[in-house]
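Below are my comments on the model you sent, set out point by point. Please read them with the structure open.

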Amino acid sequence: MKRIISLIAAVTLFVTLAAPAMAARVITDEAGFKVKLPDKIERIAVAGILPFPSVITVFLNSAKTLVGIPPASMGAAKAGLLGELYPEILRAQTGFTAGADINVEELMKLKPDLVFYLAGNKEMGKIIRNAGIPAVAISPTKWGYDAVKTYDEWIKTLSHIFPESAKSRAVSSYSKKALAEVQKKVKNLKEGERKKVLFVFQYDDKRLITSGRSFFGQYWCDAVGALNAAEEVAADNSNAVITMEQVYKWDPDVILITNFTPVMPEDLYNNKIGGQDWSGVKAVKKRAVYKMPLGTYRSYTPGVDTPITLKWIAQKVYPEHFKELDIRQETRGYYKKIYGINLTERQLDSIFKQGRDSAAGFIK
């Protein structure tokens, strides 16, 4: 018997030694870098790419692994649904990063297994990698500010990293269907019927910033069959500073205010900012100024709410073509079908009735 046991042990040892070692998982990130992933990913930090903490959280149906996020992401989590649906995200640290900067000493204290960072910030990526931390670049611009495509690609990246939670097919299918439904309704609009939309990205007493040709505002306008009032602004100037004289010249039909500014529609209706007079602008005269929704993150950017944002914008710009759309029911069904989240009436209210605090934490 002892000889048999010894023989079995010897064979087992031989097989163990002869078996190839488990290959390390390597992915190509959105900046083209090969990234060797750790065997266990239990602590995640995000720097620079502001919508991404919300995307990771909803993708994983948990924020327990998020140990560090940008201050602007935390502000949105508190103002929107994310902090309520996943209160553990409110415990994440924010002091290690601000805007395009990162404090590597503070980052190291968080002991992250993996860091997601803004693909365009090469210096940040270098700092993280030099600290010996696996770093995955995430890009908001690689797909030409196409919000639907960008969100699809983010989900593909996460599905490669966390295959047990993969949902890229479901997300892509829903988004593409939403886009097709919107474009079917607006495809026959004649040139004179296409409305001009002005995005107010940021606004205060010192400056008014909109979306030129190279920013998400252009995509949203193209997607819903509208005209970007500021399309003539230089393509390489995404955060385009404009004047009221330009606004008067463009005379937009609809104004959409993002959650990257505390400004509300009533500020334009009542000329409360910088002594500037909006009363003659068509959108103001028609009371067609709207604050954009905030679900899990600020909806101007790609993110979890992108297909809902698409339909919301389409309805605000062309209400006559989207009379049958119940945006609340659409939102409820989307969250339930794709992410298994049951939204209450109060939570739906909070998405579409945002206030000034929705801009909290955003660095100008």
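**Notes on the predicted model**

1. A right-handed β-α-β unit is formed by strand E7, helix H6 (residues 122-130) and strand E8. The model is a predicted one, and the points below should be read as comments on that prediction.

2. Within this unit, E7 (residues 114-118) and E8 run parallel and are joined by four bridges. One residue pair can be named here: Leu118 has Ile138 of E8 as its bridge partner.

3. Strand E8 (residues 135-138) is covered on both of its faces. Ala135 and Ala137 are buried on one side, while Val136 and Ile138 are buried on the other. Ile138 is thus a buried residue as well as the bridge partner of Leu118.

4. The largest pocket has a volume of about 660 Å³. Its lining counts 34 residues, and those closest to the pocket centre are Gly48, Leu50, Leu118, Phe260 and Phe362. Leu118 therefore deserves a second look in the viewer, being bridged to Ile138 in E8 and listed among the residues closest to the centre of the largest pocket.

5. By class, 21 residues of that lining are nonpolar, eleven are polar and two are charged. Helix H3 (71-79) and strand E5 (97-98) each contribute at least two residues to the lining.

6. Thr309 belongs to helix H13 (residues 306-317). Is this residue buried or exposed? Thr309 has a relative accessible area of 2%, so it counts as buried. Apart from neighbours within four places in sequence, Thr309 is in contact with Trp220, Met292 and Ser299.

Key. Residues numbered from 1 in each chain as written. Predicted model: local features only at pLDDT ≥ 70, side-chain atom pairs only at ≥ 80, totals over all residues. Heavy atoms only, no water. 1 Å grid on protein atoms, 1.4 Å probe; cavity = no way out; pocket = protein on both sides within 12 Å on 5 of 7 lines; lining within 4 Å. Points joined across faces, edges and corners; volume = space filled by probe spheres on them. Nonpolar A, V, L, I, M, F, W, Y, C, P; charged D, E, K, R; others polar. Buried < 20%, exposed > 50% of the residue type's maximum accessible area, 1.4 Å probe, protein only. Pairing = 2+ DSSP bridges. Right-handed = clockwise from strand over helix to strand, strands pointing away. Contact = heavy atoms within 4.5 Å.
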